[in-house]
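This report describes selected structural features of one model. The sequence and the coordinates are shown first.

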Amino acid sequence: MIRIEHPNDPSKDYGTPSPVTYAEIADKSDLDAITGIIDGVEITVAKGTSVMRAAAIADINIPKLCATDSIKAFGSCRLCLVQIEGRRGSPASCTTPFEEGMVVTTQNTELAELRRGVMELYISDHPLDCLTCSANGDCELQDMAGAVGLREVRYGFEGENHLDEVKDESNPYFTFDPSKCISCSRCVRACEETQGTFALTIENRGFASKVSASQSQDFVDSECVSCGACVQACPTATLTEKTIIEAGQPEHSKITTCAYCGVGCAFKAEMEGEQVVRMTPYKNGEANRGHSCVKGRFAFGYATHKERITTPMIRNNIDEQWQVVSWQEAFSFAAKQLKGIQAKYGRKSIGGISSSRCTNEEVYLVQKMVRAGFGNNNIDTCARVCHSPTGYGLKQTLGESAGTQNFDSVEDCDVAMVMGANPTDAHPVFASRLKKRLRQGAKLIVVDPRRIDLVKSPHIHAEHHLKLLPGTNVAFINTMAHVIVRDQLYDAKFVAERCETEAFKQWMQFISDDKHSPENNEKVTGIPAADVTAAARLYATGGNSAIYYGLGVTEHSQGSTAVMGIANLAMLTGNIGRRGVGVNPLRGQNNVQGSCDMGSFPHELPGYRSVADDAVRSTFEKAWGLPIDNEPGYRINNMLDAAVAGEYKGLYVQGEDIAQSDPNTHHVEAALRNLDCLIVHDLFLNETAKYATVFLPGSSFLEKNGTFTNAERRISPVRRVMKPLAGKEDWEVTQDLCNAMGFPMNYSHPREIMQEIASLTPTFSNVTYERLDKEGSIQWPCNDEAPDGTPTMHLDEFVRGKGLFKVTEYVPTDEKVTRRFPLLLTTGRILSQYNVGAQTRRTENNTWHDKDLLEIHPSDAVDRGIVDGDRVKIASRSGETHLTAQVTERVQPSVVYTTFHHPESGANIITTDNSDWATNCPEYKVTAVQISKVIQARQNSEWQDQFESFTEKQLELQPNGKELQHNRDKLQPNSKELADIESK
Ligand code: SF4
Ligand code: SF4
Ligand code: SF4
Ligand code: FES
């Protein structure tokens, strides 16, 4: 056993995957090694390495076509033949393991002749259009023809060939040109192994073999989820991005981080000039390990969409025409308004909302502007409405407001309990990694009212799908814990050593009560007693058990209680503090973790430290040079309530669309209308901006520098690849506004903001841009105690010392079903759209989801005379809206479901003001509703009609609407004209 270095040059294809796991690499494990000789060079590699990979490690590149290092070797092309001393024939190097003492020859005349013969056959059935082909210069077939010295093709001029095969252009992002296919099956294997969708097959055999999507369907109609793994794996131009066909091969690239979900995939943004022509998942990205989903890889077109607003605008009230002004005029106007409000209504009458879509540095500046420039703590973030219960619940029990693992950890997991999360839609790359582990034999428990895709998909079948009734999470978790205690399946040693004794005793008394038994809770949760009992036993005894959860846990009146219950379960079974286990909140947006870390909550300074703590406050006061209010400020819901009451008059909103995303739209709209000054800082004139008096144009993730922190606490760089269309990065806009308010800021680069964050936040103290450039990403805490960062938390002790069991009494929500509102509405996301849809709706992703639908079970549909495709009214105690019905057994009887990606759907007209008792996270997941068929000619609800006319009016109020539209159509981001304008 010796230490072996693991080469990971991301620009190199080693031909076959490494036999060493990420865990072994991370742990710097000693491994069984083998030494042999390839072309006279002595090489030592880990046992299980292929001859091809061993050679590649020694920079000996064996020609190959069907092999690539992201998928298992297949051995079909016969190009990688080698000779091995003592063996007959010419084995394929990709499928032959390197062995101790092996002596390999990769180049000689005989092998060269064999390879030329193989290549000649491929080329004889391939269009000879290399010079005009979109892949010219980036085609492995072309490269290999050169590598084997093919000069002449003797066959193929007569007889059958595939050259007239018809292209499939149905997918909006890539084409499939079968005339160029060499049937290497790399696409098929990528779809299976990397993505886990199994959408592709090779149909037929021999000459008739061809790649087929699902049942010989067009790509767009097949099961394909457009992740692009097949496109990336294809060695020819058969599967090619349309952007490459249109714009040509990229000239340069930069590594950056996806701006969509909390997986935080690393990408190589490939550019031609300032135009992004391709986003390629970065092979060395530690969150995604070279994979991506349709959003990150393809849905970047919104960044240059014609509806981007690229000039500051102001107006006195929302009935006035917008006036285009200079940045300086906009800042002066906004500062004057805000200061005027404070003079009239008091210091606390204004505040700000930061965004989990923005960078850490931007979020840090917004909270600093509010605390220092506005002089109060009225700062909140959209994490309030998603994962604030995670922050609260995990801090209480474990001592740190964050998930405990990294994504690699799933590779060591034996039982995954996925609760209130839908990873294949909302966290697709993590879902692919989880599915890989499940295909290797790990067990799956799904806890969800709805049948999500994970429950049953190719080669995956959940051991248990516990279809609980919305709103009963805490009762369910208590039942799980009750069974584990009752059956004495808990880890008494772990609890005794690692947890607070007194609290555990109290909790044991609580949980042992028979009221939590599966039989008693069956009628509460709707889960059969036998099923929950079996699931509890599996979780407690199945080996490494990990809980992955999402907004289906947090967005409830008992969201924080449920999170604490999850932490209890992990501590009870000792499933915390090592790889493969843990408590893993799947964060919705790209920087939810970071926005919370950066002090976006009204009661906490960066690093989750209380504003009431004199010592903490004085650190910031010294650094910022002025006193900080010691009282917590308003949460978003407090801001809205105070606005309706006429006491809160000025609001700065960066990168959020509360008019669409927050619950009870009527209330939100009333609050926004009541503001005297609403400053919206965003890419588009979104729903909130319709109520704004100042619009400050934002910059997309492609236009700025900074960092995002994903669900693993991984801080990753965001790098500017094009100039900001409006001329300023978002942090500059906040800085200029703050300066106009009279509180000076003078950063010249986000690097300096990170230096300040690190100097004031103990968990970030060793984080620097230099390290991020060198190491790629860092998981916090990263400080003197953890200089390399922290992949797994709570290893030997909890951050709070001893783990704290919290009593989690189940309290049913106030939102009750009645005869008037007999069904429960719950909400969620879909793969192709993201959050309020502001970005993805402005891409081709609309191909898959151009409207929100209402899922209803056939029995509930029949009762109401509803058939698939009917327009239906959804009425709740808060309001009503109309959607199109989708009759499906995905939802259980008495539960209906919708997504919230399209503003005109008005999903939040329905949701109520109920919220989590501890954090005010809205109870989006439980709303009592009635569904009825819309029989009148009018297809829209009253609110939807008002929405349409208000939208139309606001569009008319845009300055020079037609002219702007015309200019935006003309100005493409790469055009010289735009560059000239920007440079002025
Ligand atoms: S895009 Fe992804 S899901 Fe679709 S066929 Fe290719 S690998 Fe499979
Ligand atoms: S489409 Fe590409 S990857 Fe798939 S079999 Fe054909 S050449 Fe190989
Ligand atoms: S999984 Fe999330 S972070 Fe990764 S590419 Fe998709 S949207 Fe982006
Ligand atoms: S690369 Fe080894 S057989 Fe194709």
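The sections below treat the ligand shells, two strand arrangements, the nonpolar cores and one loop residue of this predicted model.

## Ligand shells

The shell around ligand 1 consists of Phe174, Cys191, Gln195, Leu200, Phe219, Cys224, Val225, Ser226, Cys227, Gly228, Ala229 and Cys230. Two elements, α5 (186-195) and α6 (229-233), each give two or more residues to this shell. By class, the shell around ligand 1 holds 9 nonpolar and 3 polar residues, with no charged residues.

Around ligand 2 there are 13 residues, of which Cys181, Cys184, Ser185, Cys187 and Cys234 come nearest. The shell around ligand 2 comprises 8 nonpolar, 4 polar and 1 charged residues.

Ligand 3 is surrounded by Cys258, Tyr260, Cys261, Val263, Gly264, Cys265, Phe267, Cys293, Lys295, Gly296, Pro428 and Val429. Here the elements that contribute two or more residues are α8 (294-298) and α13. The shell around ligand 3 divides into 9 nonpolar, 2 polar and 1 charged residues.

## An open three-stranded sheet

An open sheet is built from 3 strands in the order β11-β12-β13, with antiparallel pairing. Strands β11 (252-257) and β13 (275-281) are at the edges and have a single partner strand each, so one side of each lacks a neighbour in the sheet. On average, neighbouring strands of this sheet are turned by 30 degrees against each other, direction ignored.

Strand β11 and strand β12 (residues 266-272) run antiparallel and are joined by 6 bridges. Within this pairing, serine 253 has glutamate 270 of β12 as its bridge partner.

## The hairpin of β30 and β31

Strand β30 (residues 706-709) is joined by 4 bridges to strand β31 (residues 714-718), and the two run antiparallel. Threonine 709 is placed opposite isoleucine 715 of β31. The hairpin has 4 residues between its strands, and arginine 713 adopts a positive phi near 70 degrees.

In β30, Gly706 and Phe708 point one way, while Thr707 and Thr709 point the other way. Residues on both sides of β30 are buried.

## Nonpolar cores

Which residues touch the most other members of the largest nonpolar core? They are Leu200, Leu239 and Leu444, in a core of 68 residues. Helix α13 (residues 428-439) gives the most to this core, namely 4 residues. A second, separate core has 62 residues, including Trp327, Leu696, Tyr747 and Trp780. In soluble globular proteins, nonpolar side chains tend to be buried together.

Leucine 200 belongs both to the largest core and to the shell around ligand 1. Residues up to four places away in sequence aside, leucine 200 touches Cys187, Val188, Cys191, Glu192, Val211, Ser212, Ala213, Phe219 and Cys230. Among these contacts, Cys191, Phe219 and Cys230 also appear around ligand 1.

## Alanine 383

Alanine 383 is located in the loop between β17 (379-381) and α11 (388-397). Is this residue buried or exposed? Alanine 383 counts as buried because its relative accessible area is 0%, and the cut-off for burial is under 20%.

Excluding residues up to four places away in sequence, alanine 383 touches Ser356, Ser388, Val592, Ser595, Cys596 and Phe601. For one of these contacts, phenylalanine 601, the separation from alanine 383 is 218 residues in sequence and 8.8 Å in space, C-alpha to C-alpha.

Methods:
Residues numbered from 1 in each chain as written. Chains lettered and ligands numbered in written order. Predicted model: local features only at pLDDT ≥ 70, side-chain atom pairs only at ≥ 80, totals over all residues. Heavy atoms only, no water. Near = heavy atom within 4 Å. Nonpolar A, V, L, I, M, F, W, Y, C, P; charged D, E, K, R; others polar. Pairing = 2+ DSSP bridges. Axes fitted to C-alpha atoms, helices over the stretch in contact; angles between N-to-C directions. Core = buried A, V, L, I, M, F, W, Y, C linked by side-chain atoms within 4.5 Å. Buried < 20%, exposed > 50% of the residue type's maximum accessible area, 1.4 Å probe, protein only. Contact = heavy atoms within 4.5 Å.
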